[in-house]
Amino acid sequence: MKQKIGLMGGTFDPIHTGHLLTAEAVREQFGLQRVIFIPAAQPPHKQGRKVAPAYDRLIMTEIAVAGNPCFGVSRIELQRSGPSYSVDTLRELQQAHGQEAEFYFITGADAINELSTWHEAQHLLEICHFIAATRQGCALDLPRLRREFGESLVSSHVHELPTPELEISSTDIRRRVQEGRSIKYLVTAEVEAYIYKEGLYS
Ligand code: ATP
Ligand code: MG
């Protein structure tokens, strides 16, 4: 039987309840056996800002998902040198899990709308599925995707997730820490404790 595995990539700076709730909703609705969180390697700059060390982002991701037996974390993009392309990540994971594994990339609708700008986008869409979580009023641009990748590939490999939008972002959490405001319930209690213990974002 095919094993269905969700992949959630992100900077996770820090990982928050929006990520966790989305991953769990996708897992349930699409009948995935597992969801693997993949922290991205250190980008030189993200929106002109320094990103927390990869080690801290990895630890926070690990402690955030520890309580869910269906969740796991992969260091695959942290261990690779040079630019990280999703298509390379997928090839490596496919090799590690075997041909029976079927992968579902979970991302925001805004990211999927820009799929044509990704490295080897057409091939990537052929070898895995995408699940678009809509947020901040950003709808999936299906006409554009159909034009770029063809009707049948898009209808079989691009899926939408009907969940309510959660106005939680890592940007807001970092700002709150800086301003001394509460981040309780926006991140798990363990991640909250880690942020304060390590003095992140202050
Ligand atoms: P930042 O504010 O620093 O951009 P972020 O909150 O967007 O951080 P990322 O690590 O960039 O978090 O996001 C990783 C993935 O999770 C992306 O695909 C993003 O679209 C998705 N995501 C982020 N926040 C939410 C949320 N509240 N609900 C659903 N998906 C989310
Ligand atoms: Mg973001």
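Colleague: What makes Glu24 and Arg27 a salt bridge?

Modeller: In this predicted model, the closest N and O atoms of Glu24 and Arg27 are 2.9 Å apart. The cut-off for a side-chain nitrogen of Arg and a carboxyl oxygen of Glu is within 4 Å, so the pair counts as a salt bridge.

Colleague: Where do Glu24 and Arg27 lie?

Modeller: Both residues belong to helix α1. They are 3 residues apart, about one turn of the helix.

Colleague: Why is Arg27 called buried, and what is Glu24 called?

Modeller: Arg27 has a relative accessibility of 17%. Buried means under 20%, so Arg27 counts as buried. Glu24 has a relative accessible area of 28%; the partly exposed class runs between the 20% and 50% limits, and therefore Glu24 is partly exposed.

Colleague: How do you know that Arg75 and Glu62 link distant parts of the chain?

Modeller: Their side chains meet in a salt bridge, at 3.3 Å from N to O. Arg75 sits in the loop between β3 (71–73) and α3 (76–79), whereas Glu62 is in helix α2, and the two are 13 residues apart. Arg75 has a relative accessible area of 40% and Glu62 one of 26%. Each value falls between 20% and 50%, so both residues are partly exposed.

Colleague: What separates Arg176 and Asp172 in helix α9?

Modeller: Arg176 and Asp172 are separated by about one helical turn, because they are 4 residues apart in helix α9. They form a salt bridge whose closest N and O atoms are 3.0 Å apart. Arg176, at 21% relative accessibility, is not under the 20% limit, so it counts as partly exposed.

Colleague: How many salt bridges does the whole structure hold, and which residues are linked in a network?

Modeller: A search of the whole structure finds 12 salt bridges. Asp88, Arg91 and Glu120 are linked in a network of them.

Colleague: Which side chain of opposite charge is nearest to Arg174?

Modeller: The nearest is Asp13, 4.0 Å away, yet Arg174 has no salt bridge. Arg174 is buried and its place is in helix α9 (residues 170–178). Beyond its sequence neighbours up to four places away, Arg174 touches Asp13, Pro14, Arg49 and Tyr201.

Colleague: Which residues touch the most other members of the largest nonpolar core?

Modeller: They are Ile15, Val35, Phe37, Met60 and Ile195, in a core of 32 residues. Elements that each supply at least two residues of this core include α1 (17–29), β2 (34–39), β4 (101–108) and α10 (189–198). The largest share, 4 residues, comes from α2. Apart from neighbours within four places in sequence, Val35 is in contact with residues including Met8, Ala23, Arg27, Phe71 and Ile106. A second, separate core has 26 residues, among them Ile112, Leu140, Phe149 and Val154.

Colleague: What makes the protein chain as compact as a globular protein of its length?

Modeller: The chain has 10 helices and 6 strands. Its radius of gyration is 17 Å, close to the 17 Å that the globule rule gives for 202 residues, so the chain is as compact as a globular protein of that length. Along its principal axes the C-alpha trace spans about 50 × 35 × 35 Å. Of the 202 residues, 49% count as buried. Among contacts with a separation of 6 or more, 74% join residues 24 or more positions apart.

Definitions and conventions. Residues are numbered from 1 along each chain as its sequence is written. Chains are lettered from A and ligands numbered from 1 in the order in which they are written. This is a predicted model: local features need pLDDT of at least 70, side-chain atom pairs count only at pLDDT 80 or more; totals for chains, interfaces and linings use all residues. Side-chain values use heavy atoms; hydrogens and water are left out. Buried means under 20% relative accessible area, exposed over 50%, partly exposed in between (1.4 Å probe, protein chains only). Lys and Arg count as positive and Asp and Glu as negative; His and the chain ends are not counted. Contact means heavy atoms within 4.5 Å. A nonpolar core is a set of buried Ala, Val, Leu, Ile, Met, Phe, Trp, Tyr and Cys residues joined through side-chain atoms within 4.5 Å. The radius of gyration is taken over C-alpha atoms; the globule rule is 2.2 Å times the number of residues to the power 0.38.
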